[in-house]
Amino acid sequence: MFLTFITFLPLAGALFLVFMPKESVAAIKQTALAVAVADFLLSLLLWTNFDNTTHKMQFELNVPWIEAWGINYHIGLDGISLLLYVMTTFLTMICVLASWDINKHMREYMIAMLTLSTGMLGVFISLDLFMFYVFWEFQLVPMYLIVGVWGGPRRIYASIKFFLFTAVGSLLMLVAILWIYFYIQETTGVATADILYITEHLDAPLGTQKWLWMAFFLAFAIKVPMFPFHTWLPDAHVEAPTAGSVILAGVLLKMGTYGFLRFNLPFFPQASYEFVPMVAWLAIIGIIYGALVAMVQEDLKKLVAYSSVSHLGFVMLGIFALNPYGIQGALIQNINHGISTGALFLLVGVVYDRRHTRLISEFGGLAKIMPKYTICFMIAALSSIGLPGMNGFVGEFLVLLGIFQVNGLWAACATSGVILAACYILWMFQRVMFLELKNPKNADLKDMNTREMLTVVPLLILIFWIGLYPKPFMDTFDASVTHLVSKVSPDNFRPKKEHHDNDHNDKHNDKQNEKHGEHARLITPTEMASLNHRLQMPALTKE
């Protein structure tokens, strides 16, 4: 029940806000922040009470929901989902605080933000396929409203594009879910949508696995987003309000990578192995393409948006390395991206609130008048590059280590993305923070205030914490990763034919040896002497 309480607390807070007078702006903001802070603190109790020595689900609750169809309210967390769950509550708290200056429909905005939080949390705890799908679709609506109502000039176009892209992929996933439901019922005699039961009992032929894998792949690849399904992301990021961009980059995109780990790999392990080259090359193209396009952007927010395409290519590459290093690197990079990119979006929002422009050409020399802002931006930028000692280095190093064990060429190509990231991040930083302060509109810009520092500093602390001491985070998902790898490791599939051939040859040789051995035992010394005499060879004598 405790997990249910934490998950639905934001929704309860949103319902409470409905009955508050919309003129009470200060009270609305304070109430929303109090709910978000309480939810985050309660989620920390889940982490501190989590047993990281087992891969099994914890804080589990399984009660009938639609009993006639075998659909249950089944929730729980393991090492793969726990950190994403806690990060969701953390970033929701940050986003509520970052939304203090929203100037229209504050009550409705906070209702949408808190409702979105419950939708996202529900995705990570769902252990029933239909329940997962409900939450997956549920979170689309508040995000659509946040972009479409409180976004920029092209907000309607961006919100509709976001909604349509995600909905199309989701429909194909629904078809696959229905097929799995009826297949499990036919093969096992049990009508259930339980994810854990399906993971253990789904044994479809490889051809069928591939079709189902592709249906899930499309839904999750759009959400990540992977190349070439990424075109909705820059528009959504650019038009969304600052907090909307933070929650989009920090949590919503992670639902796609989480889906691959929760469904594609354990449901269809052999199909996942077969599709590794395709996913790897798409991820590598995304890494390089995202970096190159980011390099030519003149809009700060669009640059950070395309950097997300590049960084999440590393996450996908790590997942489909199908080994412990790669998957651990992908999971920690999931967290890292939410932290570093979230910080960059918050910092871009700081100057946008003052100048109402994000064009790099409009800035220059900000380090002279905004020293606190410059230091914060520098830390977030270096984290995004993957500087040793910061969180980005840990994730990228593990991913590259994992993929190098699979294919050295893939690792070499992906490494170029690290170099390109340094190019576009440092070049942008130089043009915005240094050079001469030529634009008179920037002369009177104020440095970050206390509220803005409170939104960014916690993220900067996490950047150094994970970079210098990632062990608490790695330990959280270590057992779950080990269990997952045991199910999807290429050793389960790649050597299968070779082992079969070798076993067949060994059995044949054993039979031949056994046959020869039987003959040898049947030949007596007298017969051996006679045989040698016939072959004109010296007779064997026994000393």
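Contact here means heavy atoms within 4.5 Å. The model is predicted.

**Exercise 1. Take stock of the whole chain.**
How many helices and strands does the protein have, and what share of its residues is buried?

*Solution.*
- Start with secondary structure. The protein has 22 helices and two strands.
- Next, extent. Along the principal axes, the C-alpha atoms fill a box of roughly 115 × 60 × 40 Å.
- Then burial. Of the 543 residues, 57% count as buried.
- Last, contact range. Take contacts between residues at least 6 apart in sequence: 79% of them join residues at least 24 apart.

**Exercise 2. Place Thr88.**
Find the helix that holds Thr88, decide whether Thr88 is buried or exposed, and list what Thr88 touches.

*Solution.*
- Thr88 lies in helix H3, residues 79-98.
- Its relative accessible area is 0%. Buried means under 20%, so Thr88 is buried.
- Set aside residues up to four places away in sequence. Thr88 then touches Ser117, Met120, Leu121, Phe124 and Val251.

**Exercise 3. Follow H9 into the loop after it.**
Compare the reach of H9 with the expected span, locate its bend, and find the cis peptide bonds that join Val224 to Pro225 and Phe227 to Pro228.

*Solution.*
- H9 covers residues 206-223, 18 residues in total. From first C-alpha to last, H9 reaches 25 Å, close to the 26 Å expected at 1.5 Å a residue.
- H9 nevertheless bends by about 25 degrees, at Phe217.
- Phe217 is among the buried residues of H9, and so are Gln209, Leu212 and Trp213. The buried set also includes Ala215, Phe216 and the run Leu218, Ala219, Phe220, Ala221, Ile222 and Lys223.
- Now the loop between H9 and H10 (232-239), where Pro225 is found. The bond between Val224 and Pro225 is cis, with omega about -10 degrees.
- Pro228 lies in the loop between H9 and H10 as well. The bond from Phe227 to Pro228 is cis, with omega near 5 degrees.

**Exercise 4. Classify the packing of H14 against H13.**
How do the axes of H13 and H14 cross, and which residues meet?

*Solution.*
- H13 spans residues 276-295; its axis and that of H14 come within 8 Å.
- The axes cross at roughly 155 degrees. Angles over 145 count as roughly antiparallel, so H13 and H14 are roughly antiparallel to each other.
- The crossing is left-handed.
- On the H13 side, the residues that meet H14 include Ala280, Ala283, Gly286, Ile287, Gly290 and Ala294. On the H14 side, those that meet H13 include Leu303, Tyr306, Ser310, Gly313 and Leu317.

**Exercise 5. Repeat for H17 and H18.**
Which relation does H14 have to H17, and which to H18?

*Solution.*
- H14 (residues 300-319) and H17 (residues 391-404) have axes that come within 9 Å and cross at roughly 45 degrees. That makes H14 oblique to H17. The crossing is left-handed.
- His311, Phe314, Leu317 and Gly318 in H14 meet H17 at Glu396, Val399, Leu400 and Ile403.
- The axes of H14 and H18 come within 11 Å, crossing at roughly 160 degrees. These two helices are therefore roughly antiparallel. Their crossing is left-handed.
- From H14, the residues Leu300, Leu303, Ser307, His311, Phe314 and Leu317 meet H18. Their partners in H18 include Ala414, Gly417, Tyr424 and Met428.

**Exercise 6. Examine His311.**
Is His311 buried or exposed, and what is in contact with His311?

*Solution.*
- His311 is found in H14.
- Its relative accessibility is 4%, so His311 counts as buried.
- Leave aside neighbours within four places in sequence. His311 is then in contact with His337, Ser384, Glu396 and Tyr424.
- Match these to the packing above. Glu396 belongs to the H17 side of the H14 contact. Tyr424 belongs to the H18 side.

**Exercise 7. Locate two positive phi values.**
Where do Leu322 and Leu435 lie?

*Solution.*
- Leu322 has phi near 60 degrees, a positive value in a residue other than glycine. Leu322 sits in the loop between H14 and H15 (324-355). At 2% relative accessibility, Leu322 is buried.
- Leu435 also has phi near 60 degrees. Leu435 lies in the loop between H18 (408-433) and H19 (450-468).

Terms used
Residues are numbered from 1 along each chain as its sequence is written. This is a predicted model: local features need pLDDT of at least 70, side-chain atom pairs count only at pLDDT 80 or more; totals for chains, interfaces and linings use all residues. Side-chain values use heavy atoms; hydrogens and water are left out. Helices (H or I, at least four residues) and strands (E, at least two) are DSSP runs, numbered from the N terminus. The expected span of a helix is 1.5 Å times one less than its number of residues. The bend at a residue is the angle between axes fitted to the seven residues ending there and the seven starting there. Buried means under 20% relative accessible area, exposed over 50%, partly exposed in between (1.4 Å probe, protein chains only). Axes are lines fitted to C-alpha atoms, for helices over the stretch in contact, and angles run from 0 to 180 degrees between N-to-C directions. Angles under 35 degrees count as roughly parallel, over 145 as roughly antiparallel, 65 to 115 as roughly perpendicular and the rest as oblique. A crossing is left-handed if the near helix is turned anticlockwise from the far one by less than a right angle, and right-handed if clockwise.
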